[in-house]
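Let's take a walk through a protein model together. Have the sequence and the 3D view open, and click along as you read.

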Amino acid sequence: MSRYSATEIEAKWQEAWHKAGIFTANHKAGKPKYYVLEMFPYPSGRIHMGHVRNYTMGDVIARHKLATGHNVLHPMGWDAFGMPAENAAMAIGGHPKDWTYGNIADMRGQMKPLGLSIDWSREFATCDPEYYGQQQALFLDMLEAGLVYRKNAVVNWDPVDMTVLANEQVENGRGWRSGALVERRELTQWFFKISDYSEELLDALDTLENWPAKVRLMQENWIGKSRGLQFGFERTDGGAPITVYTTRPDTLLGASFVGISPDHPIAKQLEAENPEVAEFVAECRKGGTTEEAIETAEKLGYDTGIRVKHPLDPNWELPVWIANFILMDYGTGAIFACPAHDQRDLDFCRKYGLPVVDTFFALDDDTPVDKIAFVPPKTEKVRWVNHFAGLTEATGDEAIDATVDFAEKAGWGEGVTKYRLRDWGLSRQRYWGCPIPVVHCDACGVVPEKKENLPVRLPDDVTFDKPGNPLDRHPTWRDCACPNCGAPAKRETDTMDTFVDSSWYFARFTAPRAETPTDLAEAEYWMNVDQYIGGIEHAILHLLYSRFFARAMNITGHLPKKAIEPFDALFTQGMVTHEIYYTTRPGRMSEVEKISEIDSLKEPVRVYQYPEDVERRDDGVFLKSTGEPVKVIPSAKMSKSKKNVVDPVNIISAFGADTARWFVLSDSPPERDVEWTASGAEAAYKHLNRVWNLCDKIGAMDPNATGEGDEALLREMHKTIRDVTLGVESFGFNAAIAKLYAFTNTLAKSKAGAAAQKQAIKTLAQLMSPMTPHLAEDIWAHQGGEGLVAVAPWPVADETMLVDDTVTLPIQINGKRRAEISVAKDLAKDEVEKIALSTEAVQKALDGAAPKKVIVVPGRIVNVVV
RNA sequence: GCGGGCGUGAUGGAAUGGUAGACAUAUCGGACUUAAAAUCCGAAGGCCUUAGUGCCGUGUGGGUUCGAGUCCCACCGCCCGCACCA
């Protein structure tokens with residue numbers, strides 16, 4: 001009897017696939033195309049279990065499609081620009097380019113042993129000049145089409161390092177290296193006009209039937225369509241009216257003050273004139289740019305002294321405050337505050353002693369608002385207090401409609417639709433990204449680079465010894481001739497957001513070596529992506545940006561019209577998690593402790609431990625090296641800092657790729673997180689061994705041997721074909737694997753003849769081949785299968801073998817299961833009812849009376865109501 | 001603050017509104033073995049001085065239904081995203 005040696009067979013079959021060239025995508029006549037894509041990885045240097053899970057899922061789909069007669073496109077590339085490469089250059093020296101390409105080589109080497117059915121001939125990295133040069137061409141076309149423009153926008157500014165920080169580099173409002181309090185600062189930046197497509201991007205969500213509903217909902221909320229009233233507050237000092245936008249105009253009588261953003265033109269004017277305002281506004285600009293930071297910051301206000309007239313009552317004056325929680329980016333940057341029905345406004349008014357006026361009450365409760373604003377759903381009916389449009393009882397939605405109507409008729413306001421979606425700022429003040437191909441000329445202004453000069457390449461001779469953008473301090477790279485007048489000019493030193501790189505890579509895969517961004521004929525054939533797979537963390541930005549880019553590429557002639565929604569089906573998979581282990585040691589003294597010198601105040605510090613360094617014993621978990629007790633916290637996303645990582649490379653060398661693949665698919669539904677456990681991985685390995693041994697055993701049978709239960713085995717086989725096929729086609733991988741376990745158990749116990757068992761094991765190999773392709777090939781070959789199992793036609797379930805002649809029906813009495821009967825599968829309803837009523841349990845329950853009701857669901861259940 | 005999600009045995013989870021706990025892990029028992037490992041076979045939601053196809057059971061409380069893990073409402077707990085992380 002031979003032994004299952006994953007290392008041996010995996011290398012052997014990978015070589016066989018490579019030689020046969022079966023994963024190279026090309027147009028073969030008469031076959032439908034299928035494009036399956038997993039979100040491409042960032043080349044961090046090591047693949048992790050999340051990658052293994054992501055790519056294995058895509059591989060299952062790709063291999064199944066190959067076996068069902070499709071031309072499959074299944075490419076792989078690298079999302080290779082980004083901050084970590086620059087951080088590495090700063091931390092350990094070296095060049096981002098070397099770091100990145102070194103990582104790509106390492107990761108490719110780690111990925112190939114997984115045996116993925118990838119067409120590696122299409123591989124590219126976004127940092128290849130051949131890729132980013134085409135991206136620059138695309139940018140220029142978009143610039144020409146009016147899809148790109150420049151405006152001011154705020155960034156996180158580190159006042160000590162004098163550099164722009166990413167949100168990730170801001171920790172608790174401070175710069176991660178300098179520790180300085182971060183400020184918001186305005187810079188002139190490039191923007192894509194994605195907001196022009198708000199309505200379309202929103203409407204088209206309805207066509208994405210094969211996207212998860214939650215992703216569509218998240219995008220819908222992100223685009224944030226709202227209907228409201230826009231109107232002006234007239235100033236008592238005769239200044240220009242302050243225009244506000246509100247989604248709750250119906251609460252206008254509850255107005256307490258008018259608030260403007262610290263970045264509002266009026267605030268800026270006052271800032272220039274008045275040092276006190278300047279000081280206040282500077283205070284407001286402290287902290288990061290994230291919406292979360294702004295929304296959760298303590299509310300700050302400054303009374304400008306400006307007064308405005310209430311539109312409904314010229315004698316009613318409202319103060320104008322500058323408030324830090326008002327965003328200049330949304331609406332008009334000015335609001336009216338209605339504290340009774342908005343918690344933020346209420347907190348602000350309570351803090352600054354401004355009035356709180358209720359404009360409506362619940363139908364059965366007229367308690368005035370105190371600390372909690374009354375914000376019922378807009379669909380709930382409420383009782384209005386002296387509503388100006390004459391409402392008494394109405395829902396919020398009705399009141400808003402009535403108010404907009406009223407204001408439009410009276411001529412002081414108009415109904416306006418707005419979107420939360422902002423234009424996409426693409427400028428980054430960093431080196432390791434795609435250079436924005438424009439030139440700044442003193443005479444001509446901002447001039448696009450000529451296409452024949454593309455790519456604008458990144459210079460190699462740069463240093464990372466100080467903060468800031470190395471392109472800015474490069475002595476010669478910036479110098480160039482103006483493409484327009486030829487005079488000496490300066491290159492733009494900003495590079496593009498890495499989201500740009502990932503917004504069109506799926507289109508590039510259709511013709512990765514084309515001399516233009518895409519080859520329209522290839523794009524016409526391969527687009528759209530039939531199945532896209534990736535993490536839920538990309539539910540909003542990446543997917544929204546890609547949808548916008550597909551439209552932009554259609555407008556600029558790089559994609560066909562049919563590709564404006566580039567992803568026909570989307571699947572968002574969960575993470576791979578692991579328990580976290582740590583030991584403790586005494587921590588450093590806290591400030592209190594230094595004064596009081598009380599030992600008990602020492603905070604223990606967690607020392608995280610790798611899973612391979614701990615062992616489980618009956619009495620707990622311990623460190624292998626020292627025997628120290630180890631604390632365990634529940635499973636969380638694998639992260640280097642918590643050391644709860646399992647390196648796929650170790651798993652593959654210990655058990656083989658098929659085990660890793662089988663396990664990541666087996667235990668949890670794909671959209672949910674899966675916990676990596678050592679015992680689970682071992683169980684997967686044991687199972688594959690079992691299948692291997694079974695193959696051996698069946699192979700050794702006398703081919704003419706007869707036995708018992710051939711038909712039962714084959715019936716189970718056809719049911720398994722049906723269930724596994726359904727599972728594979730509907731992302732029910734865990735359920736499919738459970739069926740494969742069950743069928744393996746059946747086969748192992750079967751006493752059927754050699755022919756039936758052989759047929760069963762061959763089918764088992766085929767059904768397993770998308771998940772454990774190497775083992776499947778070996779079994780296939782061992783059982784005399786023709787050619788490669790990878791391209792053998794997928795088995796089809798025989799309908800006549802799927803239905804049993806008799807079925808077991810549970811009998812419920814008042815919805816509780818009390819008995820069961822065995823009847824012929826097509827027995828008439830009234831016959832079933834008769835048998836059910838005659839059972840002892842039913843007779844006992846009825847006690848001579850007639851049943852109130854009998855429900856017979858053929859083939860499923862009988863329920864008797866007594 | 002705003003937005004999205006999740007909650008079923010000791011554990012991961014299964015279940016087109018129709019027998020809750022498939023399949024697997026851990027556990028326990030047995031076979032094989034000098035022994036162990038490996039392998040194979042089997043038990044197993046909880047409760048009960050009545051061991052019965054008895055009662056209770058899918059975070060909590062209500063509702064719809066002949067029938068609810070599944071649908072609706074409210075609450076509790078946990079997780080994720082928030083535009084310069086990729």
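What follows is a short tour of this predicted model, from its cores to its empty spaces and a few backbone oddities.

## The nonpolar cores

Start in the interior. The largest nonpolar core has 156 residues, and the members that touch the most other members are Phe-139, Phe-192, Tyr-505, Phe-549 and Trp-676. Helix α2, covering residues 49–67, gives the most to this core: 9 residues. A separate core of 30 residues lies apart from it, with Ala-255, Ile-322, Cys-338 and Val-404 among them.

Now zoom in on Tyr-505. Setting aside neighbours within four places in sequence, Tyr-505 is in contact with Leu-37, Glu-38, Met-39, Phe-40, Phe-124, Tyr-131, Tyr-532 and His-542. Try showing those side chains and you'll see who Tyr-505 meets.

## A buried arginine

Next, find helix α17 (residues 541–555), the home of Arg-547. Is Arg-547 buried or exposed? Its relative accessible area is 0%, so Arg-547 counts as buried.

What does the side chain of Arg-547 pair with? Look for Glu-565: the two side chains are joined by a polar contact of 2.8 Å. Beyond four places in sequence, the contacts of Arg-547 also take in Leu-201, Ala-204, Leu-205, Leu-208, Trp-211 and Gln-219, along with Ile-564 and Pro-566.

## Helix α3 and the largest cavity

Helix α3 runs over residues 83–92, and its buried residues include Met-83, Ala-85, Glu-86, Asn-87, Ala-88 and Ala-89. Among the elements covering the buried residues of α3 are α4 (96–111) and α13. After α3 comes Gly-93, which has a positive phi near 80 degrees.

There are some empty spaces to look at too. Rolling a probe the size of a water molecule over the atoms shows where empty space is left. The structure has 4 cavities of 30 Å³ or more, and the largest cavity holds about 200 Å³ of space. It is lined by 16 residues, of which Met-90, Thr-163, Val-164, Gln-169 and Gly-468 are the closest to its centre. Two elements, α3 and β4, give two or more residues to this lining, and α3 gives the most, with 4 residues. Sorted by class, the lining of the largest cavity has 6 nonpolar, 6 polar and 4 charged residues.

## The second largest cavity

The second largest cavity has a volume of about 90 Å³. Of its 13 lining residues, Ile-22, Phe-23, Thr-24, Leu-66 and Val-72 are the closest to the centre. Helix α2 turns up again here: α2 and β2 (71–73) each supply at least two residues of the lining. That lining divides into 6 nonpolar, 6 polar and 1 charged.

## A pocket worth a look

Now for the second largest pocket, with about 540 Å³ of space. This pocket is lined by 24 residues, and the closest to its centre are His-578, Pro-611, Trp-676, Thr-677 and Ala-678. You've met Trp-676 before, as one of the residues touching the most other members of the largest nonpolar core.

Which elements supply at least two residues each to the lining of this pocket? They include the strands β27 (576–586) and β29 (614–617), plus the helices α19 (648–655) and α21 (678–699). By class, the lining of the second largest pocket has 12 nonpolar, 4 polar and 8 charged residues.

## Backbone oddities

Let's finish with the backbone. Leu-454 and Pro-455 are joined by a cis peptide bond, with omega at about -5 degrees; Pro-455 sits in the loop between β21 (445–448) and α13 (470–473). Another cis bond runs from Met-527 to Asn-528, with omega near 5 degrees. You'll find Asn-528 in the loop between α16 (520–526) and β25 (531–535).

Positive phi values are worth spotting as well. Met-162 is not a glycine, yet its phi is positive, at about 55 degrees. Met-162 belongs to the loop between β3 (148–158) and β4 (163–165), and it counts as exposed because its relative accessibility is 55%. Asn-814 also has a positive phi, near 50 degrees, and lies in the loop between β33 (806–813) and β34 (816–824). Its relative accessibility is 46%, so Asn-814 counts as partly exposed.

How values were computed:
Residues are numbered from 1 along each chain as its sequence is written. Chains are lettered from A and ligands numbered from 1 in the order in which they are written. This is a predicted model: local features need pLDDT of at least 70, side-chain atom pairs count only at pLDDT 80 or more; totals for chains, interfaces and linings use all residues. Side-chain values use heavy atoms; hydrogens and water are left out. On a 1 Å grid over the protein atoms alone, a cavity is a set of points where a 1.4 Å probe fits but cannot get out, and a pocket is an open set with protein on both sides within 12 Å along at least five of seven lines; lining residues have an atom within 4 Å of a point. Grid points are joined across faces, edges and corners, and a volume is the space filled by probe spheres set on the points. Ala, Val, Leu, Ile, Met, Phe, Trp, Tyr, Cys and Pro count as nonpolar, Asp, Glu, Lys and Arg as charged, and the others, Gly among them, as polar. A nonpolar core is a set of buried Ala, Val, Leu, Ile, Met, Phe, Trp, Tyr and Cys residues joined through side-chain atoms within 4.5 Å. Buried means under 20% relative accessible area, exposed over 50%, partly exposed in between (1.4 Å probe, protein chains only). Contact means heavy atoms within 4.5 Å. A polar contact is a pair of N or O atoms within 3.5 Å; within protein, one must be able to donate a hydrogen and the other to accept it, and residues adjacent in sequence count only if both atoms are side-chain atoms.
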